[in-house]
Amino acid sequence: MSDMLTEKEVLHVARLARINLTDEEVMKYRIQLKQLLDDVDKIKDVKIDDDEQLITPIDEKAVLRSDEAGEMLEPEDIMKNVPVSNGNFVEVPVMINE
Amino acid sequence: MSKYLDLSIREINDLLKKKEIKPIDLVEEAFERIEENAELNAFITLDKEQALKTAKELEDREVDNVLFGIPIAIKDNIVTKDLRTTCASHILDNFIPIYDATVIKKIKEKNMIIIGKTNMDEFAMGSTSQTSYFGAPHNPWDTKKVAGGSSGGSASCISARLVPLALGSDTGGSIRQPASYCGIVGMKPTYGRVSRYGLIAFGSSLDQIGPMTRNVYENALLLNVLCGRDENDLTSSHRESEDFTRMIGEDISGMKIAVPNFFISDIVSDEVRANLEAVIELLKKRGAIIEYVDIDYIENAVTLYQIIAMGEASSNLARFDGVRYGYSVADPKGVDELYALTRGEGFGEEVKRRIMVGSYLLSGENAKTYYAKALQIRKAIRDSFLKTFEKYDLIIGPNATTTAYNLGEGLDDPLKTFLDDVLVIPVNMAGLPGMNVPMGFGKNHLPIGLQIIGNKFDEAKMYKLAAFIEKELNLDLDPREVR
């Protein structure tokens, strides 16, 4: 078994995560991601019979809050942190191919 | 220079009530201390102007609670309205929140004064705070050593006596481990005890905000303020508020305390084990009953953490896309490039590593092989802890396997950061409260901390034991005297 992922494997994982990597990073992650994934693989050897899962450690029943209008944020405040805007619109590149 | 910040919070409160000092005296002293200790790099953003303004405004107000006018530092992953909140990341280095986290509202209601935002690992991912975009904070006991992480800046500024109070957050030990390395008291409350609204999410089923302080009593005072149901966090508990100081000073004889065998195994260094054994002897002598137990699957907790925390992180950090806030790459060719370049340039190495592994572990069939199985084992760990608490009041062990190590060590080893947290992660898996109280020093006079784990919502009992140990050991925990 190789102690490195292939370049293609790293780029696949980076694509899943929507992260662009430099060539140097790809090289580094070929080793580091392999180390991490090998470590995580230890879980395959753990024996467990009970198939009940714990997603969150809260015992209380989740209740929804009442459907009432509460404190609101102002649109102009929300827009303050938007990188590219046009009035009260958030600008993004074209998403649908023409 | 005045030395009011060396007094206990009770003493400061008396002086404020008698009008012998004003809140501004405390704020000015805090900033003098911070400036003198700039090399610690404990803060990312300071808020001197607003802090002085708030202190002035408080001069005409009645001193109506014990934390009134006390300077407090906030970990930089907790959002503060109009005060930059970076998560120690390039991707948020210009982010000015437009609302306060629930804990910040509570702190402001009690008229504590926010001094600034503390340094940390980027997105709280790390065990040394060295993944910070702003450089690592240093350990006040030896500035060549790490402060621990991820709440390293909060631990460093409390240890160095820059401010008396700080907030940290703990996903896999990030309050307890730096508290251990820096010789302070840190509490990770029961999951659900403190609202997470406004805590920038890392691992949502693990994260908790908690207090970091110089001593046990003041820690309990701060937790008193932070708790309570919050309509904005549906995982917050409906439990009534309580006074966490109420059991401090009570006799500990007859307390039943469990020590997991894993916590004294050979993963723990000799000096840490020796300190723990000394505490065990002390407790026995004072009438506590100590027994050794096994917690099922505790040795697998790091693997579970890798899967669950990285999985949750990959999902939580999907929101950083360069669209609504934060860093955004200029002139992208299409939306795919906007996301990928923004995230590639905005996130640091550790964060990218974790998001990629998390995305992979949750993709396709892997979700079943890894994530679903991790949740099964997580259930078994929690059940085993809860069963232990049917027989015992508390569980103890160390928080860290060693004392603080050198800055720069282990940076290229993607596994080290997880192994540093091998003793603290099980608590997050089970959603239980865990804390650090200093129990001694190693050979280089670096602090060693005791971990106390309680049953769910049993924080008051933990403070009782911690206060007893603190009083009995009476350690000199002021690093200014050794530097």
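Select B:S150 in this predicted model. B:S150 lies in the loop of chain B that runs between β5 (142-146) and α5 (152-159). Show the backbone and check the peptide bond leading into the residue: from B:G149 to B:S150 the bond is cis, and its omega is near 10 degrees.

Next, go to the loop between β2 (71-75) and α4 (102-109) of chain B and select B:D82. Its phi is near 65 degrees, a positive value in a residue other than glycine. Is B:D82 buried or exposed? With 13 other C-beta atoms within 10 Å, B:D82 counts as partly exposed.

Stay in the loop between β2 and α4 of chain B and select B:A88. Here too phi is positive in a residue other than glycine, near 55 degrees. B:A88 has 34 C-beta neighbours inside 10 Å and is therefore buried, the cut-off being 20 or more.

From B:A88, move to B:F134, whose C-alpha is 6.4 Å from that of B:A88, although 46 residues along the chain separate the two. B:F134 belongs to the loop between β3 (113-118) and β4 (138-139) of chain B. Its count is 20 other C-beta atoms within 10 Å, so B:F134 is buried. Which residues does B:F134 contact, leaving aside neighbours within four places in sequence? They are B:I44, B:A88 and B:N119.

Now turn to the helices of chain B. Select α10(B), residues 335-346. This helix has twelve residues, and its first and last C-alpha atoms are 16 Å apart, close to the 16 Å expected at 1.5 Å a residue. Colour its buried residues: B:L338, B:Y339, B:A340, B:T342, B:R343 and B:G346.

Select α9 (residues 301-316) and α11 (residues 349-362) of chain B together. Their axes come within 7 Å and cross at roughly 100 degrees, which makes α9(B) roughly perpendicular to α11(B). On the α9(B) side, the residues to display are B:I307, B:M310, B:G311, B:A313 and B:S314. Facing them from α11(B) are B:R354, B:I355, B:V357, B:G358, B:S359, B:L361 and B:L362. By class, this contact has seven nonpolar residues, four polar and one charged.

Bring chain A into view and select the contact between the chains. How many residues does each chain give? Chain B supplies 55 residues and chain A supplies 44. On the side of chain B that touches chain A, the elements giving two or more residues are α9, α10, α11 and α12. The largest share comes from α12(B), with eleven residues. The classes on that side of chain B are 29 nonpolar, 17 polar and nine charged.

The last stop is α2 of chain A, residues 23-40. Its 18 residues should span 26 Å at 1.5 Å a residue; the end C-alpha atoms are 25 Å apart, so the two values agree. Centre the view on A:Y29, where α2(A) has a kink of about 35 degrees. A:Y29 is also one of the buried residues of α2(A), along with A:Q32, A:L33, A:L36 and A:V40. What covers these buried residues? The cover includes α1 (7-16) of chain A and, from chain B, α9, α11 and α12 (366-391).

Technical notes:
Residues are numbered from 1 along each chain as its sequence is written. Chains are lettered from A and ligands numbered from 1 in the order in which they are written. This is a predicted model: local features need pLDDT of at least 70, side-chain atom pairs count only at pLDDT 80 or more; totals for chains, interfaces and linings use all residues. Axes are lines fitted to C-alpha atoms, for helices over the stretch in contact, and angles run from 0 to 180 degrees between N-to-C directions. Helices (H or I, at least four residues) and strands (E, at least two) are DSSP runs, numbered from the N terminus. Angles under 35 degrees count as roughly parallel, over 145 as roughly antiparallel, 65 to 115 as roughly perpendicular and the rest as oblique. Two residues are in contact if their C-beta atoms, placed from the backbone, lie within 7 Å. Ala, Val, Leu, Ile, Met, Phe, Trp, Tyr, Cys and Pro count as nonpolar, Asp, Glu, Lys and Arg as charged, and the others, Gly among them, as polar. The expected span of a helix is 1.5 Å times one less than its number of residues. The bend at a residue is the angle between axes fitted to the seven residues ending there and the seven starting there. A residue is buried if 20 or more other C-beta atoms lie within 10 Å of its own, exposed if 12 or fewer, and partly exposed in between; C-beta atoms are placed from the backbone.
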